[in-house]
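Dear colleague,

I am passing on the structure below, together with an account of what came out of going through it. Please read the account with the coordinates open beside you.

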Amino acid sequence: VCNLYAADIAVPAECPTIQSAVDAAGNADTIVLSPGTYYENLVIRGKAITIRSQSPQDQDIVAATVIDGRGLDSCIRIEDSPECSLLGLTIINGKAYYSGGGIDCQRSSIRIARNRIIGNRARLWGGAIAAIDCSSSHIEGNCIADNSSEESGGGIYIEGGQDALMK
């Protein structure tokens with residue numbers, strides 16, 4: 001059960017899991033994660049939200065705010081979302097049969113910034129990140145390491161879409 005009174009949703013203080021916060025969030029809400037390891041495989045559909053650590057500029061906080069996919073699926077799957085941001089997180093141990101072991105984004109607009117995306121894998125495309133048919137893909141200032149894919153884009157795979165920016 002989540003207690004929500006503002007546009008910022010604190011995990012685990014207000015919602016016990018990231019997925020419960022995603023489910024409760026409305027467009028333009030921000031989900032703020034306390035440092036810790038979250039063993040989850042998130043699904044975001046049709047929402048314009050931000051998920052971030054308490055301090056995306058602080059590398060110690062980023063390293064301590066971990067989403068661990070446990071090798072079960074993509075750590076984060078984003079589908080049909082008008083605008084979604086992932087800021088200052090460590091994303092590890094995602095495994096996708098098709099695309100995006102760490103982050104799999106389809107038909108959305110995304111901003112992925114100041115994250116550590118490490119040790120993820122995909123069978124086909126984008127071990128760390130796959131952005132397929134996204135209207136906007138802004139990927140900037142991330143540490144992307146030790147990810148793999150059997151086909152294309154062990155680190156990042158982008159296909160289709162209109163606006164892609166990588167810095």
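Arginine 77 and aspartate 104 form a salt bridge in this predicted model, with their closest N and O atoms 2.6 Å apart. Since arginine 77 belongs to strand S7 (residues 76-79) and aspartate 104 to strand S11 (residues 103-106), the pair ties together parts of the chain that are 27 residues apart in sequence. Both partners, arginine 77 and aspartate 104, are buried.

In total the structure holds five salt bridges, and two others deserve a description here. Aspartate 80 forms a salt bridge with arginine 107, and the closest N and O atoms of that pair are 2.8 Å apart. Aspartate 80 sits in the loop between S7 and S8, while arginine 107 sits in the loop between S11 and S12, so this pair too ties together parts that are 27 residues apart in sequence. Aspartate 80 is partly exposed, because its relative accessible area is 44%, and arginine 107, at 42% relative accessibility, also counts as partly exposed.

Glutamate 140 forms a salt bridge with arginine 111, where the closest N and O atoms are 3.5 Å apart. Here glutamate 140 lies in strand S16 and arginine 111 in strand S12, so the parts that are tied together are 29 residues apart in sequence. Glutamate 140 counts as buried at 18% relative accessibility, whereas arginine 111, at 29%, counts as partly exposed. Returning to the pair described at the start, Asp73, Arg77 and Asp104 are joined into one network by salt bridges that share partners.

The strands that carry the pair of glutamate 140 and arginine 111 are also partners in a sheet, for S12 and strand S16 (residues 136-140) pair in the parallel sense over five bridges. Within that pairing, isoleucine 112 has isoleucine 139 of S16 as its bridge partner. S12 is also joined to strand S8 (residues 84-87), which runs parallel to S12 and is connected to S12 by four bridges, with cysteine 84 standing opposite isoleucine 110 in S12. Strand S12 (residues 109-113) is mostly covered, in that four of its five residues are buried.

There is also an open sheet of five strands, whose order is S3-S6-S9-S13-S17 and whose pairing is parallel. Strand S3 (36-39) and strand S17 (143-145) are its edge strands, each pairing on one side only, and the twist from one strand to the next averages 15°. Inside this sheet, strand S6 (residues 65-68) and strand S9 (residues 90-92) run parallel and are joined by three bridges, and aspartate 68 has isoleucine 92 in S9 as its bridge partner.

Turning to the nonpolar interior, which residues of the largest nonpolar core touch the most other members? They are Ile18, Ile31, Leu33, Ile51, Ile76, Ile78 and Ile103, out of the 32 residues in that core. Helix H1 (residues 18-24) gives the most to this core, contributing three residues. If its neighbours within four places in sequence are left aside, isoleucine 51 is in contact with Ile18, Val22, Ile31, Leu33, Leu42, Ile44, Ser85, Leu86, Leu87 and Leu89. As general background, nonpolar side chains tend to be buried together in soluble globular proteins.

Finally, the structure holds two aromatic pairs. The ring centres of tyrosine 97 and tyrosine 98 are 4.8 Å apart and the planes of these rings stand at 85°, so the pair is edge-to-face. Tyrosine 97 is exposed, with a relative accessible area of 51%, and tyrosine 98 is likewise exposed, with a relative accessible area of 51%. The other pair, tryptophan 125 and tyrosine 157, is stacked, with 5.8 Å from centre to centre and 20° between the planes. This pair links distant parts of the chain, since tryptophan 125 is in the loop between strand S14 (121-122) and strand S15 (129-132) and tyrosine 157 is in strand S19 (residues 156-159), 32 residues apart. Tryptophan 125 is partly exposed, with a relative accessible area of 28%, whereas tyrosine 157 is buried, with a relative accessible area of 15%.

With best wishes

Methods
Residues numbered from 1 in each chain as written. Predicted model: local features only at pLDDT ≥ 70, side-chain atom pairs only at ≥ 80, totals over all residues. Heavy atoms only, no water. Phe/Tyr/Trp six-rings, centres within 6.5 Å; stacked < 30°, edge-to-face > 60°. Buried < 20%, exposed > 50% of the residue type's maximum accessible area, 1.4 Å probe, protein only. Helix = DSSP H or I, 4+ residues; strand = E, 2+ residues; numbered from the N terminus. Pairing = 2+ DSSP bridges. Axes fitted to C-alpha atoms, helices over the stretch in contact; angles between N-to-C directions. Core = buried A, V, L, I, M, F, W, Y, C linked by side-chain atoms within 4.5 Å. Contact = heavy atoms within 4.5 Å. Salt bridge = Lys/Arg side-chain N within 4 Å of Asp/Glu carboxyl O.
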